[in-house]
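Here are my notes from going through the model you sent over. I kept mostly to the charged side chains, with a few words on the chain as a whole.

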Amino acid sequence: MRRGVTLIELLVAAAVFMVVGSGIMYALSSSNQDWAIASGKVSMELTAKATLEELARAVRMTGSGLPDRMGGVKVYGAGEEKATFVMNENGGVDTVRNSSWEPGTGKLRIHVKDATRFSYKGYVRVDLDVPPIGAHREELLGTFTKSFTLGVLDRTTSGAGCGDSVIVDVSALEAAPYNWNKPGDISALGNSLIQSLDSITYRKSGDTLFLKRNIQSETAFTTGVDSMRIWYHHPIDGWGDSLSGTLPADRFDKVRIRLVMRTKNVDFALLGRDKASRGYRLFRMETEVAMRNTELSNH
């Protein structure tokens, strides 16, 4: 005769199942948490390496493809780190054939041999024939030549190696304080060189590093940045957070970058053990870059 299962046996079996099940769930939860922490650390380290490599590349390229002291870096004031690096990435340079401008359009069309040498939405450095500030060409017997850095709005190509043009933004020259807004006020100096310029600005705000390339809109480059520091080495004055005024002023020959990244998610176990950590695991990387072109200045 078969005997049924008693209530006590059922309760004991249920208790054993709950204990074993809880142990399995705890092990799985702990394993999943450990995996998430390890995955977050790997992601943080890979992001840090990629970000530092991009920063070092921009620093190393600073001034390349440009005449001495034309390229350089612009260092901004107090607050979170921000710097602009200027170079000629593609080595673009051409000769001005002639130019055309219509007052009020904000656009100057400069005719060149090959417009593809210039970065789309980049900058150019070009000599313009202009009157003195506030004057107009029609009021004077002559003009004077001055170099300007102007944004590239567009490029047009003929496909035959002639008739190409670079369209640049002169709207700021048509407004105060220049007020060059009458026919003949603005023209590019014929047979002069026109240089392509590229500008890359990195700006840290909160835990995000923003990137602005040339005249294009700023975009988020990476997140999880705990801190970023950049130092500049003056050949006489040594290292500093900004460019030195010691003669030769605004010169630098090396740049040091320190990047501290943090995990994206808070580790509450770590927060419980170390309040100062804010629950984030940190990863620090630092590199030093020697400049290719040491004849640089504050752009």
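The points below start with the whole chain and then go through the salt bridges pair by pair.

1. First, a reminder that we're looking at a predicted model. The chain has 299 residues, and 37% of them are buried. In terms of secondary structure, there are 17 strands and three helices.

2. On contacts: take those between residues at least 6 apart in sequence, and 64% of them join residues at least 24 apart. As for the outside, the chain has an accessible surface of about 16,200 Å², and carbon and sulfur atoms account for 54% of that.

3. Now the charges. Side chains of opposite charge can pair when their charged atoms come close. Here the count of salt bridges is 13. I'll go through three of these pairs and one network.

4. Start with glutamate 89 and arginine 213, whose side chains form a salt bridge with an N to O distance of 3.1 Å. This one ties together distant parts of the chain: glutamate 89 lies in the loop between β2 (82-87) and β3 (93-95), while arginine 213 belongs to strand β11 (residues 208-213), and the two are 124 residues apart. Glutamate 89 counts as partly exposed because its relative accessibility is 27%. Arginine 213, at 24%, is partly exposed too.

5. That pair also has company. Glu54, Arg57, Glu89 and Arg213 are joined in a network of salt bridges, so if you have the viewer open, put these four on screen together.

6. Next, arginine 262 and aspartate 207 make a salt bridge, with 3.9 Å between the closest N and O atoms. Again distant parts of the chain are linked: arginine 262 is in strand β15 (residues 254-262), aspartate 207 is in the loop between β10 (193-205) and β11, and 55 residues separate them. Is arginine 262 buried or exposed? With a relative accessible area of 16%, arginine 262 falls under the 20% cut-off, so it counts as buried. Its partner, aspartate 207, has 28% and is partly exposed.

7. Last pair: arginine 229 and aspartate 241, a salt bridge at 2.8 Å from N to O. Arginine 229 sits in strand β13 (residues 225-234) and aspartate 241 in the loop between β14 (238-240) and β15, 12 residues apart. Arginine 229 is partly exposed, with a relative accessible area of 28%. Aspartate 241 is also partly exposed, at 45% relative accessibility.

How values were computed:
Residues numbered from 1 in each chain as written. Predicted model: local features only at pLDDT ≥ 70, side-chain atom pairs only at ≥ 80, totals over all residues. Heavy atoms only, no water. Helix = DSSP H or I, 4+ residues; strand = E, 2+ residues; numbered from the N terminus. Buried < 20%, exposed > 50% of the residue type's maximum accessible area, 1.4 Å probe, protein only. Contact = heavy atoms within 4.5 Å. Areas by Shrake-Rupley, 256 points an atom, 1.4 Å probe, with all protein chains shown as cover.
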